[in-house]
Amino acid sequence: MKLKRGKMLIDPPASASSDIAFTLIIFFLVCAAVQPETGLSQILPKTEEQAEKRDQSKNIEVTITPTSIVLNGSPLQLPAFSQRISAALKQKTRETDRIVVVKSSPDTPYPLWIAVSQAIEQAGGILTLELETERVINVE
Amino acid sequence: MGDIGFLLLIFFVILARAQDDSHIQWQPAKLKDVEMAAAPLASVAIDTGFKTYLDGKEISPDELASALTTLLGDTPSGQRNVFLKVHKEAKASHFEPVIAAISEAGGDLVHILEPEENSTKP
């Protein structure tokens, strides 16, 4: 049996290849441009070096280490921390009392830090960082 | 005509790539309840080697605050978005000075994160 030969494929004209490439680039550029980024916005008070002057007695203090989150001296895990910080901030009515001072150990991983800061903001707290400053003292 | 357009486009693509930070190697941390982020005025990144970049160019955290202050200029609050892209394995010693610098420059900080499954808000 003889098979019927189909029509041969026809190559597009070579002069159109740059136009095709141009259209393809436009397509990929548009695809790349419309990819939205997702994240967490965070409102931080402007950095001040006179941190010692503020009234620390009224502020909630949170210390983050790689293994635990310490809220006013009590070590907690993240779910318990979220509940306790919400309960603690519910009692605070003034904005200045809602400041939560966060101290992190230098080896605190970013995913834990961001989860804690999200829990504080969801509870209505105002996150403030307390950074350790390095001082070089020459001893002769 | 097509050739000229093609070359012009390549030129502008290369020019734009010199200003962006898509060449930086980093992996975002995952978090529940992330939101769509608005367009940024500046982008700060900490890569897998824990180096800091401002709009794709390497910068030391000490110089970041002044560079951001210049970049943000007199833009009103609420429109001073600064994206912060931190590699998920970075530690507080890497990212806290950067956050402090963004805060000092008066930037509206937006942590760029990957949503955990079924957790993106519109």
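In what order do the elements of chain A run from the N terminus on? Keep that in mind as you colour chain A by secondary structure: the order is α-β-β-β-β-α-β-α-β. That makes three helices and six strands. Please remember throughout that this is a predicted model.

**Stop 1: chain A as a whole**

Show chain A alone for a moment. Of its 140 residues, 19% count as buried. Among contacts in chain A between residues at least 6 apart in sequence, 74% join residues at least 24 apart.

**Stop 2: the five-stranded sheet**

Now select the strands of chain A numbered 2 to 6. Together they form an open sheet of five strands in the order 4-3-2-5-6, with mixed pairing. At its edges you will find strand 4 (74-76) and strand 6 (126-129) of chain A, each of which pairs on one side only. Ignoring direction, neighbouring strands here are turned by 30 degrees against each other on average.

Zoom in on residues 60-64 and 99-104 of chain A. These are strand 2 and strand 5, which run parallel and are joined by five bridges. One pair to label is I64(A) and S104(A), its bridge partner in strand 5 of chain A. As a reminder, strands of a sheet pair through backbone hydrogen bonds, either parallel or antiparallel.

Next, select residues 78-90 of chain A. This is helix 2, which lies across strand 2, strand 3 (69-71) and strand 4 of chain A. Helix 2 of chain A runs at about 20 degrees to strand 3 of chain A.

**Stop 3: an unusual backbone angle**

Select N72(A), in the loop between strand 3 and strand 4 of chain A. Most residues other than glycine have a negative phi. N72(A) is not a glycine, yet its phi is positive, about 45 degrees. Is N72(A) buried or exposed? N72(A) has 12 other C-beta atoms within 10 Å, so it is exposed.

**Stop 4: helix 3 of chain A and W113(A)**

Move on to residues 110-122 of chain A. Helix 3 has 13 residues and reaches 18 Å from its first C-alpha to its last, close to the 18 Å expected at 1.5 Å a residue. Its buried residues include Y110(A), W113(A), I114(A) and V116(A). Also buried in this helix are S117(A), Q118(A), A119(A) and I120(A). After helix 3 of chain A comes G124(A), with a positive phi near 95 degrees.

Show W113(A), in helix 3 of chain A, as sticks. Why does W113(A) count as buried? Because it has 24 other C-beta atoms within 10 Å, and the cut-off for a buried residue is 20 or more. Leaving aside neighbours within four places in sequence, W113(A) is in contact with I64(A), S104(A), T108(A) and, across in the other chain, A92(B). You have already met I64(A) and S104(A) as bridge partners. Try a distance label between W113(A) and I64(A): they are 49 residues apart in sequence, but 7.2 Å apart in space, C-alpha to C-alpha.

**Stop 5: where the chains meet**

Bring chain B back into view. The contact takes 32 residues from chain B and 29 residues from chain A. On chain B, helix 1 (2-17), strand 2, helix 3 and strand 7 each supply at least two residues of the side that touches chain A. Helix 3 of chain B gives the most, with eight residues. Colour this side of chain B by residue type and you will find 18 nonpolar, seven polar and seven charged residues.

**Stop 6: the sheet shared by both chains**

Which strands make up the open sheet of seven strands? Their order is 2(B)-1(A)-7(B)-6(B)-3(B)-4(B)-5(B), with mixed pairing. Strand 2 (35-36) and strand 5 (57-58) of chain B stand at the edges with a single partner strand each, so one side of each is left without a neighbour in the sheet.

Focus on residues 38-42 of chain A and 108-112 of chain B. Strand 1 of chain A and strand 7 of chain B run antiparallel and are joined by four bridges. Label G39(A), which stands opposite I112(B), and S41(A), whose bridge partner is V110(B).

**Last stop: F50(B)**

Finish in the loop between strand 3 and strand 4 of chain B, where you will find F50(B). F50(B) has a positive phi of about 60 degrees although it is not a glycine. F50(B) counts as partly exposed, with 15 C-beta neighbours inside 10 Å.

How values were computed. Residues numbered from 1 in each chain as written. Chains lettered and ligands numbered in written order. Predicted model: local features only at pLDDT ≥ 70, side-chain atom pairs only at ≥ 80, totals over all residues. Pairing = 2+ DSSP bridges. Contact = placed C-beta atoms within 7 Å. Expected span 1.5 Å × (residues − 1). Axes fitted to C-alpha atoms, helices over the stretch in contact; angles between N-to-C directions. Nonpolar A, V, L, I, M, F, W, Y, C, P; charged D, E, K, R; others polar.
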